[in-house]
Amino acid sequence: MLLLCTSIATCSRGHNSNLRGGVIEPPRLAADFTLPDQDGNAFTLSSTRGQLTLLYFGYTSCPDVCPMTLVDLAAVRKELGAAGKDVRVVFVTVDPERDTQEVLKRYVTAFDPSFMGLRGTPEELNNILRAYGAKAKKTNLPNSALGYAMDHSAFIYVIDRAGYLREQIPFGAERQDILSDVKVLLIEGV
Amino acid sequence: MKSKIILIGIACALWLSACATGTTQPTGASIQITDAWTRAVEMNTEAMGGMNPTPDAMSSHAGGMGSAKANSASYMKITNGGAADKLMKAESDVAETVELHNVTMQDGVMQMRPVEFIEVPANGVVELKPGGYHVMLLGLKQALKAGDQVKIKLTFEKAGAQEITAPVRAQ
């Protein structure tokens, strides 16, 4: 029965030719997880059902790829006006060693006060990364004051209002294209 | 009247020869920096608990534990009217450390690495831009708000040092 429901939902949400990002076909339920947020409260991904979720893995010492993405997502929410409240941005740090709860809070809320900043143990993080096919690797930089860099996947994972992973938008996508896809998926509803 | 024309003629000749010299014998002036800007970084003071440069945070510079500091980056277009050169160093008072970095993408994975220098091709242009080369500002001493002016001293191997201003933009 569950399988049938899932496949019906998949069919009805499959193939929306209006999407511009890296579309995932067929859509699959986004892997759920619970991690502490920037205020220390447990945040469960599936609790955002009904909202459109934009999930990103990054770290606060990231030079420009992470901040640029977050600037774009903040702008997308703003441009949506009142509908922006239905878009949830979730930033998961791949550098829990340096990105403490306080650092995360300062970082994500500077872009948009509604942004979530999550931090898990290395083991929790690895499980989540694997579920999304994302990668993160520590690389020591002996010649840099940074000490080390985190090489990481730079995709925006788009989870629709029914909890299906619909898109994996690569870094460098135009803000207008992200906005367009978000609008398309918001209209689809739950 | 006649002498005036002669004077103008001499001035023109001098100006032309100065130009010719400029193109054949590159000097420090052959490097031009345009479109410089710095990424805005707000510092939410309410949530700045981990921001203060405590001894613990300082230790992260040695590659050890410690919470992350606020960083930013500056970008610009470097136009070289002379022989091949290299950007060797960047310095600024707004950050504890300033480094030259490059970002590359491999199969969707972002990698940031420090570089020893950034090559500026002869009679060419190198662009420092998001997702590529940048001047990395590590450990900001202050918030960088749109409109702020960030002074950066750039040192080129041949052209020498040059001070530029990279205004802060919110993007």
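This report walks through a predicted model of two chains, A and B, starting with where they meet.

## Ground rules

Because the model is predicted, local features need pLDDT of at least 70 and side-chain atom pairs count only at pLDDT 80 or more, while totals for chains, interfaces and linings use all residues. Residues are numbered from 1 along each chain as its sequence is written, chains are lettered from A and ligands numbered from 1 in the order in which they are written, and side-chain values use heavy atoms, with hydrogens and water left out.

## Where the chains meet

Let's begin with the contact, meaning heavy atoms within 4.5 Å. Chain B brings 40 residues to it and chain A brings 37 residues. Together they bury about 3000 Å², with 61% of that on carbon and sulfur atoms. Buried area here is the accessible area (1.4 Å probe) that two parts lose on being put together, summed over both.

The interface has 1 salt bridge, which takes a side-chain nitrogen of Lys or Arg within 4 Å of a carboxyl oxygen of Asp or Glu. Its partners are Arg113(B) and Asp151(A), at 2.7 Å from N to O. There are also 11 residue pairs in polar contact across the interface, both residues being at pLDDT 80 or more. A polar contact is a pair of N or O atoms within 3.5 Å; within protein, one must be able to donate a hydrogen and the other to accept it, and residues adjacent in sequence count only if both atoms are side-chain atoms.

## Strands at the interface

On the side of chain B that touches chain A, strand 2 (72-80), strand 4 (95-106), strand 5 (109-114) and strand 8 (134-140) each give at least two residues. Strand 5 of chain B has the largest share, 6 residues. Strands are DSSP runs (E, at least two residues), as helices are (H or I, at least four), numbered from the N terminus.

Strand 5 of chain B also runs antiparallel to strand 8 (residues 147-153) of chain A, joined by 2 bridges; pairing needs at least two DSSP bridges. In this pairing, Ser153(A) sits opposite Val109(B).

## Links within chain A

Over all chains, the structure has 13 salt bridges. One inside chain A joins Asp39(A) and Lys105(A), with the closest N and O atoms 2.8 Å apart. Asp39(A) is in the loop between strand 2 (34-36) and strand 3 (42-44), and Lys105(A) is in helix 3, 66 residues apart.

## Two backbone oddities

Most residues other than glycine have a negative phi, and most peptide bonds are trans. Glu25(A) and Pro26(A), though, are joined by a cis peptide bond, with omega about -10°. Pro26(A) belongs to strand 1 (residues 23-29) of chain A. Over in chain B, Asp35(B) has a positive phi, near 50°, and lies in strand 1 (residues 31-39).
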